[in-house]
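Visitor: I should like a close look at a single part of this protein, namely its aromatic ring pairs. Please set that part in the context of the chain as a whole.

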Amino acid sequence: MNNIAKSFSPLILREIYKMNIFLTLLISLIALFFLVIFKNSAALILFMTLKSLVYIFTVTFSLSAILEFCAVKFPNDIAQFRIWRYGSSFCTSILLQMILWPFFAYMAHVEWSVYNIELIMTFLMEAIFISILVLLLQDFAILRLAKTQAEIENSRLQLRTAQAENLLLKQQIHPHFLFNSLNTLKALYKKDLALGEHYLIQLAGFLRAAVTLNDSMVTTLEEELDFCQNYLEMQKMRFAEALEWDIKINNPEILKFSIPTFSLQPLAENAIKHNRFTKQHPLRITIEQKGSYISVSNTMNLKEPNETSLKSGLANLAERCLIWSGNEIIINNDGTTFSVSFKINTDENHNY
């Protein structure tokens, strides 16, 4: 019951309105049935049935308005929500009973007196019973719809996770990267046998790490930095002085904490893939810790628009960060520098 206020929504309010109409018709029919069974006069049957219909209708919608007001007024204070909702509901139900009964009793030619304690107690018991019934049905409707919405959201989350994992698998080792690596390896062996051998070792380590990290959605910042550094060292051998990179970690303790797998290397790869750079105008890539965030930034000299597409890679990373930690990535583009930052999970008790 503690999540009634927080679970309240316009959709639930519409469902409660439908329930109010159904409850009004149902109780009115029950009242009509018993009035007929006990062979009351036609006037009494007509006006008491009409009284039941008007009373239940006004009570149900008044209590719905009270629910909506309390949910908006006290969304985070369950105690205040309950006190105001229940207190206002019971008072409203009793007040409406006391207002409507004299009018319909007069129309049905029913004699009564305010000094009739037994009759007054009957009014009060009826009003309290109706209030409890309506409140229970409202709570049931709210919890049922909240549960349904939670199940739908959970299904969507599972689907998004599966889609993100599938896209991640496709993006782990791009064919163009392997082709470029093999061509670079061939060129290096012709130019410098030792350099070619070093590049081959780096490539083997990169592929080994890619396969190893494949089984997990998260890894430590240290492992991800090693993987990305391995990649950048290979690219440095390929582009020489046209590529510059730097890793800045202010707090070594943060290396043991977690980030999504394959989150840094694709950002560095995007920078290389989508920018022009030469020895005279090198591409500078910086991986930097900023508090509890890790940032990958690069200088910009974009290729032709039809050659650039950052959307799928960034969308994949954004989706994984949102699923994994509930935090969104931060993208900055000032025209000269492009950067992507996301939160490092520093919670040691985080459930992966």
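Guide: The account below begins with the chain, turns to the aromatic pairs, and then follows the residues and elements around them.

The model is predicted. Its protein chain comprises 10 helices and seven strands. Of the 352 residues in the chain, 39% are buried. Among the contacts with a separation of 6 or more, 76% are between residues 24 or more positions apart.

Within this fold, a search of the whole structure yields nine aromatic pairs. One of these is formed by Phe 74 and Trp 84, whose ring centres lie 6.3 Å apart and whose planes meet at 25 degrees. An angle under 30 degrees counts as stacked, so the pair Phe 74 and Trp 84 is stacked. The two partners are 10 residues apart and link distant parts of the chain. Phe 74 belongs to the loop between helix H3 (42-73) and helix H4 (78-107), whereas Trp 84 is in helix H4 itself. Their burial may be stated for each ring in turn. Phe 74 has a relative accessibility of 14% and counts as buried, because the limit for that class is under 20%. Trp 84, with a relative accessible area of 44%, is partly exposed.

A second pair joins Phe 227 and Phe 262. Here the centres are 5.3 Å apart and the planes stand at 85 degrees, an edge-to-face arrangement. Phe 227 is in helix H8 (residues 221-239), while Phe 262 is in the loop between strand S3 (258-260) and helix H9 (265-274). With their positions 35 residues apart, this pair also links distant parts of the chain. Phe 227 is buried, at a relative accessible area of 2%, and Phe 262 is buried as well, with a value of 2%.

This edge-to-face pair does not stand alone: ring pairs link Phe 206, Phe 227, Tyr 231 and Phe 262 into a cluster.

The backbone of Phe 262 deserves separate mention. Its phi is near 55 degrees, a positive value in a residue other than glycine. Ala 240 likewise has a positive phi, of about 55 degrees, although it is not a glycine. Ala 240 is found in the loop between H8 and strand S2 (243-248). With a relative accessible area of 41%, Ala 240 is partly exposed.

The loop that holds Phe 262 lies between S3 and H9. H9 is mostly covered, with eight of its 10 residues buried. Its buried residues are Gln 265, Leu 267, Ala 268, Glu 269, Asn 270, Ala 271, Ile 272 and His 274.

Another kind of ring contact involves a charge. Lys 51 lies over the face of Tyr 55, at 5.0 Å from the ring centre. Lys 51 also has a place in the largest pocket, where it is among the residues closest to the centre, together with Ala 31, Leu 35, Ser 52 and Glu 126. In total, 16 residues line this pocket, and the space within it is about 440 Å³. The elements that contribute two or more residues to the lining are helix H2 (10-37), H3, H4 and helix H5 (117-172). H3 gives the most, with five residues. By class, the lining consists of 12 nonpolar, two polar and two charged residues.

H2, one of the elements that line the pocket, also holds Ile 12. Ile 12 is buried, with a relative accessible area of 0%. Although Ile 12 and Arg 144 are 132 residues apart in sequence, their C-alpha atoms are 9.5 Å apart in space.

A final example comes from a strand. Ser 297 is in strand S5 (residues 293-299). At a relative accessible area of 17%, Ser 297 is buried. Leaving aside residues up to four places away in sequence, Ser 297 touches Arg 284, Ile 285, Thr 286, Thr 337, Phe 338 and Ser 339.

To return to the request, the two pairs described in detail differ in geometry: Phe 74 and Trp 84 are stacked, and Phe 227 and Phe 262 are edge-to-face.

Technical notes. Residues numbered from 1 in each chain as written. Predicted model: local features only at pLDDT ≥ 70, side-chain atom pairs only at ≥ 80, totals over all residues. Heavy atoms only, no water. Phe/Tyr/Trp six-rings, centres within 6.5 Å; stacked < 30°, edge-to-face > 60°. Helix = DSSP H or I, 4+ residues; strand = E, 2+ residues; numbered from the N terminus. Buried < 20%, exposed > 50% of the residue type's maximum accessible area, 1.4 Å probe, protein only. Lys NZ or Arg CZ within 6 Å of the ring centre and 35° of its normal. 1 Å grid on protein atoms, 1.4 Å probe; cavity = no way out; pocket = protein on both sides within 12 Å on 5 of 7 lines; lining within 4 Å. Points joined across faces, edges and corners; volume = space filled by probe spheres on them. Nonpolar A, V, L, I, M, F, W, Y, C, P; charged D, E, K, R; others polar. Contact = heavy atoms within 4.5 Å.
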